[in-house]
Structure formats: structure tokens, C-alpha cells
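Please read this briefing with the sequence and the model open beside it. The points are grouped by topic.

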Amino acid sequence: MSIHMKKLFALLLSFSLLMNMNPFISKGKKKVPKLSKSSITIQKGKSARISIKNLAKKAKVKPSVPKKAKKLIKLSYSKKSKKLKITGKRIGTVKIKIRIRQSGKTYQRKLKVRIKKQNKKINKKISPPAPTKLPSPTPVKSSSPTPPETSATPSATTPSSPTPSATPGRTPNPNEDYQGDEAMPIKDIYKKYFTVGAAINGNSVSTMALQHKGMTDILKKHFNSTVLSNLMKPVFLLDQDASMASADGMPVCKFDTCDPALQFCQENNIPMRGHTLIWHNQTPSWFFYQDYDTSKKLVDAATMEKRMESYIRQVLTHCQENYPGVVYCWDVVNECVCVDANSYIVTKGGWKLRASTLSDNDFTHDTAISNYWYTVMGEDYVEKAFTFARKYASPEVKLFYNDYNVFQTEKMNNIYTMVNELKQKGIIDGIGLQPTVGISYPELNSDNPGSFKCCLQKYAELNLEIQITELSFKTSSNAGAENLKKQADRYQEFMQLLLDEDKDNGGPCNITNVTVFGICDDYPLYLDNKQNLYLWNKFCEPKPCFYSFIQPGMDILNKQ
């Protein structure tokens, strides 16, 4: 055998031995067990199943749930189907560990489970469309094509108000298109005086107004400001399970409910009001307890102050770093002034601070509920909230106090005293006025005590920004032409009052924004919602009040 043949034989022998010795070469790399998903979201009372892939026949699977989290979920494993079954028992977030033993090795896999409130208001018969340029956890393709975007030609001629033309018995659907209107965009009509906003309603990402193409198109055409009516409140941002497990004991935030709206605003150049950082309602009670556990004692004031600062820092930093310039102001503290008997304490500054709540603007309780911020931190919590917000907010971001019944004389005087106190410390930029108005109450453009005109002029003395934050005029859900006319007249009188009182038109008030607290009536993404509040009906058709809302501004343009 030649020397070359010997070398070739030796090389083939070595290769053969190597193949037999190395299982990764001879048989391919062994697959390790893994979960089909690393995180899921399920509704309370509902179940989900997660597959375990690449399991050997004799593999042993042992899932474990933290003791504190067992009240949130029920967990089981089926050897036959090789699936985990998770059932949501209570709202919260759970982290599950799954220990898998096979082929002499142990693998550990983790699964994050978020249990959310069961949404009974969603129309189960209709699948919501995928939002335009909006990330969605469960995108669904729309069954109808998207029409081309139309542009309105600015005109100083006010379109005539049409008679509502919705077909009786017609059912609204999440695919409802906005057919447009001949009117000049509202934001252009009032641009010399203030920005105009409409709220993004909804109690979950799947029901937020941006999932509805018609409402989204209305927002993009007519408004240059918006606000999340719900999904930026503490109850949606605070993560109890993650807070319990945090290394430094500080709260942990999640932003899945507000990020889609922030991204939409960033992409469409629509600034947002931040609503709201500190509020006695819709802040979970566990936030105030030791180890974030309501079975334990309330924390002390010093600990709660650290938690407050951490929360405000996280929220402001998240918005400013990920969506720079989008949030242009914050409602730092919401509705802390109270003049109801047996519900307040008088602060050292002489104004009445809510100590407990039996009934207020949005909630009615069977028994009085403590204002935990006051209970734990005392009356200084309001000032400290503004101090922390000023510390972490970008210099151009404005800080507001927001409240309702601002025109009632006693409450107005207390709000004035409190805001003036904050102004003297240099930590507030403006006041948000919720009209809390109806078809007949209060008086609007009147010099009588308790009118909205009087309250505007009183707050103007503070020389701070004034924003109308939650505007609507409520009438019956099945209102006929007469009530729709009354509603339209109220909107027109109110907008005329704002123009008359605005500094840019010779008045005393520095009004910088007016926000209607919704877009369409009978909120189209809820099945059982009945309301008559806003400028468009449930079919995205402009109502008489839409035309009356723009009339005062059009009158000025027509004179120029």
C-alpha cells in the first residue's frame, strides 16, 4: 500500500470513529423541551392551554406556582396532551416555573400569566378590526377594505347642520367608517386660541377607541390633542405580582395599556394630556400595604413617599424616553378637594382635602372608602406629588391639578386656595376644569354666582393655564330633535363663553386646551353602552352639536 493510500485510510478511520463518538454529528443535536409560549393573557374565569414541545416519553413535568399566586390561578398538567391548563381566578400577574426532567437532565422553563378583568361589554358577535399603525396583542383582519383618506378643504363657511340620518334599528359595528364631513377641521378653526382634543375611551386595549377606524379617522382629522380617559390610570399601570417580587421593594409598572395610544400619537403628531398620576380612585389598595399585600399592615409615610416618587419617576421616564414630546402635560393630582360633609379635613393651608369617599363624580360606595394617599402620607401628599413630578418631568411639560364641580362656590374657593399654595412654591402650571355640566345646570355665560363664567374669571386670577379637560353635555340616550337642539345650544354657548374669556380674544383667561371627553355616542366598541354626550353619533355621523361646537369659531373667521 502506498504512503498516500495509508494516509487516506487513516483519515477515513478517524472520521468514522468521530461520527460514532459524537452524537451531535451522527444523530443530530438533541432537542430540548420548551413551552409554546413564554407569556399569556387570559380573562378572569377563562382558561388557556400551553403546549410543551420536544418532551421525551418518560419525561417528568412538575409545574409550580408561588404560594401567594395560587389565589390568582388554577394550574394543571395533562401527560396525555402534554399541555398545561391555566384558569384565571383573580385579576393579577403570576410567574410560573415548570421543572422538566428528561434524558438525565433537568430543564426549568418560566411562564408569565396575566389575568385581566372579563370584559362583558365587548360585542361578542363582531370581531374588532386591526388598528391602523397600532400594535395589538390580538390583531384581527378587518372584513371591509380601508377607504382612501380624504382631506377637507378649509372653508370659512359653516356647513348646515343636517337632520340625523341614522337608520332606525341599525347596529353599529367596529368597522364603521367615518365618511368625512365638509367642515373645516376643528383644530384649525380654534388654532389661534387653544388646542382642541377628544378622549380615547375604552377599558382595555381591545376596546380602546383606536381599534375603531371611524373614531380614529375623526381624531386624526379634527383634533390636535387627546387623552386616555382610562388606560393611563394607576390601576392599569401598577403590576402587583412584579412589585411583590421587586428586589428593592419599589413598585413595578407595566405600560401595555397605554403604549399603543402613545405610539399612535407619536406617529400621527397628536400631543397627549397625561391622565392621571395621583388619584384616590382607580389606584389599587394593595399599593399602600406592606409587601403589596392587603392582609398585612399599611406602610408608613416614609415608605409610601418613596413608592410615590418611584411610580411618578417610572411613568414620566417611560413616556419621555420612549415617546419624546408626546405627553405635553400631566394631571398630577386628580380630584383631591372635597367639600362633602364628613368627608374632608381642613389642611394647615385652610383648604378642604378629601379624607374619605362615599360618593363623588365617578363612584358611589356602600360605605365610605378612605383616601389612602391621605391616610398613609397625610395632607402633604399633594405637594409631594407635584414636587416629584416637577423633578422628573421635562422642562417643557406642564403640570396640572384637575377637578370637577369647579364652578360651585365653596369648592371653587377651596380649589383656588390649594392651587395658589402650590403656585407659590413654583410647582404647578395650570388647572384642569371638568365642566360636569348638563343641559340645564349650571348657568354658563352668566354673571350669577355658580356660573361657569364666574369660575373662569376666578381661576384667571391665578395667572396659570386653564384647560377644559372633560367636556360633555349629557342628555337622554334616545333624545329627539328637541333635546338634540338643546344639547347643541349648550355646546355653542359654552364655546362662545371660552372664546369671550380667552386672553387671545381680549378676556382674562389663559385657556390653552379644550377636550371633549369622547368621540362617538353609544360607544361603538361596547354592546350595552347608551349615552348621548358627544359630537358624533354611534355611526360616526356629525350631530347637530358638532356644528354648534364649531359655530363660534367660524363666526370669527367669517368676520376676518
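**Glu-493 and its surroundings**

Glu-493 counts as partly exposed, because its relative accessibility is 32%, and values between 20% and 50% fall in that class. This residue belongs to a predicted model. The chain has 560 residues, of which 50% count as buried, and the chain contains 14 helices and 22 strands.

- Glu-493 is placed in helix H13, which covers residues 481–501.
- Leaving aside neighbours within four places in sequence, Glu-493 is in contact with Leu-444 and Asn-445.
- Glu-493 and Phe-549 are 56 residues apart along the chain, and their C-alpha atoms are separated by 8.6 Å.

**The chain as a whole**

- About 26900 Å² of the chain is exposed, and carbon and sulfur atoms supply 50% of that area.
- Take the contacts between residues at least 6 apart in sequence: 72% of them join residues at least 24 apart.

**Nonpolar cores**

- The largest nonpolar core has 127 residues.
- Which residues have the most contacts inside this core? They are Trp-330, Phe-452, Tyr-459 and Phe-549.
- Apart from this core lies another one, of 23 residues, including Ala-59, Val-61, Ile-86 and Val-113.
- Phe-452, leaving aside its neighbours within four places in sequence, has a list of contacts that includes Val-406, Phe-407, Leu-433 and Pro-435.
- Among the other contacts of Phe-452 are Leu-444, Ile-468, Phe-494 and Leu-497.
- Leu-444 is thus a contact of Phe-452 and also a contact of Glu-493.

**Strand E17 and its partners**

- Strand E17 spans residues 398–403 and is mostly covered, with five of its six residues buried.
- Strand E12 (residues 327–334) runs parallel to E17, and five bridges join the two.
- One bridge pair across these strands is Val-333 with Tyr-401, the latter in E17.
- Strand E18 (residues 430–433) also runs parallel to E17, joined to it by four bridges.
- Phe-400 stands opposite Gly-430, which is in E18.
- Between E17 and E18 the chain passes through helix H11 (residues 409–424), and this β-α-β crossover is right-handed.
- In general, the strands of a sheet pair through backbone hydrogen bonds, in either a parallel or an antiparallel sense.

**An open antiparallel sheet**

- Four strands form an open sheet in the order E1-E3-E6-E5, with antiparallel pairing.
- Strands E1 (34–35) and E5 (73–78) stand at the edges; each has a single partner strand, so one side of each is left without a neighbour in the sheet.
- E5 pairs with strand E6 (residues 83–88) over six bridges, in the antiparallel sense.
- Across this pair, Tyr-77 stands opposite Leu-84 in E6.

**Cysteines**

- How many disulfides does the structure hold? The number is zero.
- A disulfide is a covalent bond between the sulfur atoms of two cysteines.
- Why does Cys-319 form no such bond? The closest cysteine sulfur, in Cys-258, is 5.7 Å from the sulfur of Cys-319, which is too far, because the cut-off is 2.5 Å.
- Cys-319 counts as buried, since its relative accessibility is 3%.
- For Cys-454 the closest cysteine sulfur is in Cys-455, at 8.2 Å, so this distance is also too far for a bond.

How values were computed
Residues numbered from 1 in each chain as written. Predicted model: local features only at pLDDT ≥ 70, side-chain atom pairs only at ≥ 80, totals over all residues. Heavy atoms only, no water. Buried < 20%, exposed > 50% of the residue type's maximum accessible area, 1.4 Å probe, protein only. Pairing = 2+ DSSP bridges. Right-handed = clockwise from strand over helix to strand, strands pointing away. Contact = heavy atoms within 4.5 Å. Areas by Shrake-Rupley, 256 points an atom, 1.4 Å probe, with all protein chains shown as cover. Core = buried A, V, L, I, M, F, W, Y, C linked by side-chain atoms within 4.5 Å.
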